Amino acid sequence: MVLRAPRASEVIIVGLLVHEWIEPHGGSERVLEVIAETFPTSDIVVPWNNAPWRTITPRVRESWLARSPIRNRKAAAAVALPAVWRGVVGSRKDYDWVLASTHLFSHHVKVEGLLGRPRKFVYVHSPARYIWNPELDARGDGTLARAIGAALKPIDRRRAQEAHAIAANSEFVRARVEAAWRRDAVVINPPVDVDRIMEGAPWADRVEAAEREVLDSLPDVFVLGASRFVSYKRLDLVIRAGEAAGLPVVLAGEGPLRPELEELAAQAGVPVHFVERPSSPLLYALYEAAAVFVFPAVEDFGMMPVEAMAAGAPVVANGLGGARESVTPGVSGVLVDGFAAGELREAVDAAMSLDRASIPDTVRRFSVPRFQERIDRWVGEGVR
């Protein structure tokens, strides 16, 4: 007889999930949804929910911040959240466990029940970049932000000690957890819809008519960049890569940096096309059509490069960050350490020469079922 550790769903009555906040778009929100599907009886608490159409919404309870003037003002909320998380749950019911999905302060949550404190599990997308790694995120790099960060660091580290177990979404983040919190963590890579992307191809046949017109209007050969239009995503380097390779560029997404990117596009030596807020089918079709997907951000893991590879697109990614753990050099893409024109041209040329048919198989290990099995067993082992 083979003995195995019980899964959480087999031994646990009810759990609590907490998350920083819920927005319409974002990789961490997708992870939360999959965790909620894994633990279908769990309650969910967030400071606010800006995507009420998500399937998990009936289970979501918002904090009082959702009714306050600082809702959606993330910088102001960040200062308040360490205190808010200590009292937001209260003792409404007893939980067998608590799982915090965190990239800021949700792991500070305090839950007191009639039977004491349940074990706390922390799934880390990143220790708060604002305070621990402002060099990776300019939003934490100002004088005031650094002063606030210095005050919050010891509190954040102390609260991290309350966790029974910690899981990081990549080796890159695991190392940062150790440096910031002085805690070890297992690595459980986040779930990506790789099976859906592979099975739905070709996605150009699945987009709606209006989006098919957008797709048909693009160049036959182009360099693709896709993400929120914010500074740390470095979409300016996607334009630079297109210029270095002499290829048109397509930028897909939305965000506050759009005017600056449009200004760069107007000055670029190659055509730059914008695709605003693509649906998932259109985004997958863009991956399929792209000559190469360029991902210059220093990401904690990087779900979009995995999506691109699932669709068969070769990837040029920053060698620093989580993308190093998903891109297989010489098989599914190229990792670069610098973004000089010559290096970018060589990287794009090398990526375009790869066998696209072999790329999707390299990312099957990031599937949703694999993630669900691993996180279910991780929690189950922790509470037995």
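In the predicted model, E33 is in contact with R54, T55 and I56 when its neighbours within four places in sequence are left aside. The place of E33 is in helix 2, and because its relative accessibility is 12%, under the 20% limit, E33 counts as buried.

The sheet to which this helix belongs as a packing partner is open and consists of seven strands in the order 3-2-1-4-5-6-7, with parallel pairing. Its edges are formed by strand 3 (60-62) and strand 7 (186-187), each of which pairs on one side only. Helix 2, which spans residues 27-38, packs on the sheet and touches strand 1, strand 2, strand 4 (97-102) and strand 5 (119-124); the direction of helix 2 makes about 175 degrees with that of strand 1. Two of the strands touched by helix 2, strand 1 (residues 15-19) and strand 2 (residues 43-46), pair with each other in the parallel sense over three bridges, and within this pairing I44 of strand 2 is the bridge partner of L17.

Empty space inside the model was also examined. Rolling a probe the size of a water molecule over the atoms shows where such space is left. The structure holds one cavity of 30 Å³ or more, and the volume of the largest cavity is about 30 Å³. The lining of this largest cavity is made up of A226, S227, K233 and L235 together with V294, F295, P296 and A297. By residue character, the lining of the largest cavity divides into six nonpolar residues, one polar residue and one charged residue.

Terms used: Residues numbered from 1 in each chain as written. Predicted model: local features only at pLDDT ≥ 70, side-chain atom pairs only at ≥ 80, totals over all residues. Heavy atoms only, no water. 1 Å grid on protein atoms, 1.4 Å probe; cavity = no way out; pocket = protein on both sides within 12 Å on 5 of 7 lines; lining within 4 Å. Points joined across faces, edges and corners; volume = space filled by probe spheres on them. Nonpolar A, V, L, I, M, F, W, Y, C, P; charged D, E, K, R; others polar. Pairing = 2+ DSSP bridges. Helix = DSSP H or I, 4+ residues; strand = E, 2+ residues; numbered from the N terminus. Contact = heavy atoms within 4.5 Å. Axes fitted to C-alpha atoms, helices over the stretch in contact; angles between N-to-C directions. Buried < 20%, exposed > 50% of the residue type's maximum accessible area, 1.4 Å probe, protein only.
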